[in-house]
Amino acid sequence: QVQLVESGGGLVQAGGSLRLSCAASEGTLSDYLVGWYRQAPGREREFVAIISWTGGTLYYADSVKGRFTVSRENAKNTVSLQMNSLKPEDTAVYYCGAGRFIGPKGGVEYWGEGTLVTVSS
């Protein structure tokens with residue numbers, strides 16, 4: 001079991017950057033695949049990025065490819081999402097999720113509570 005806490009959200013202008021962090025307050029994050037997902041107002045939660053156990057395999061949604069970078073530091077029990085060239089359509093609550101077999105469509109066993117990212121135009 002793992003408990004996840006996201007941080008780093010906030011208000012930023014279009015074209016700016018933010019770095020989100022997902023920390024495990026309990027459990028060992030390196031035991032799991034970790035993904036970032038987001039939910040915009042009035043929309044369903046959608047996949048953003050996934051990172052494998054050692055960070056050797058990365059997978060991104062087309063909408064963020066080339067702008068977002070996911071990474072992990074297993075020694076610190078954290079996963080980060082560096083977001084550059086932000087657009088107003090990136091505005092959403094961002095969640096990290098962990099699981100043994102997660103993917104774009106599901107499989108997350110543990111969710112954080114989310115952190116709000118607002119991109120102004």
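Two strands are taken to pair if DSSP finds at least two bridges between them. In this predicted model, β7 and strand β8 (residues 78-83) are joined by six bridges in the antiparallel sense, and one of the bridge partnerships links Ser71 to Ser80 in β8.

These strands belong to an open sheet of four strands, which follow the order β1-β3-β8-β7 with antiparallel pairing. Because β1 (3-7) and β7 (68-73) each have a single partner strand, they stand at the edges, and one side of each is left without a neighbour in the sheet. On average, and with direction ignored, neighbouring strands of this sheet are turned by 20° against each other.

The aromatic residues give a second topic. Five aromatic pairs are found in a search of the whole structure, and two of them are set out here.

| Pair | Distance of centres | Angle of planes | Class |
|---|---|---|---|
| Tyr37 and Phe47 | 6.2 Å | 65° | edge-to-face |
| Phe47 and Tyr59 | 5.2 Å | 35° | tilted |

Tyr37 lies in strand β4 (residues 33-39) and Phe47 in strand β5 (residues 46-51), ten residues apart, and their pair links distant parts of the chain. The pair of Phe47 in β5 with Tyr59 in strand β6 (residues 58-60) ties together parts that are twelve residues apart in sequence. Tyr37 counts as buried at 4% relative accessibility, and Phe47 is buried with a relative accessible area of 11%, whereas Tyr59, at 44%, counts as partly exposed.

Tyr37, Phe47 and Tyr59 form one aromatic cluster together with Tyr95 and Trp111. The charged end of Arg45 sits over the ring of Tyr95, 4.0 Å from the ring centre, and also over the ring of Trp111, 4.1 Å from that ring's centre.

Note on methods:
Residues are numbered from 1 along each chain as its sequence is written. This is a predicted model: local features need pLDDT of at least 70, side-chain atom pairs count only at pLDDT 80 or more; totals for chains, interfaces and linings use all residues. Side-chain values use heavy atoms; hydrogens and water are left out. Helices (H or I, at least four residues) and strands (E, at least two) are DSSP runs, numbered from the N terminus. Axes are lines fitted to C-alpha atoms, for helices over the stretch in contact, and angles run from 0 to 180 degrees between N-to-C directions. Rings of Phe, Tyr and Trp (its six-membered ring) pair if their centres lie within 6.5 Å; planes under 30 degrees apart count as stacked, over 60 as edge-to-face and the rest as tilted. Buried means under 20% relative accessible area, exposed over 50%, partly exposed in between (1.4 Å probe, protein chains only). A charge sits over a ring if NZ of Lys or CZ of Arg is within 6 Å of the ring centre and within 35 degrees of the ring normal.
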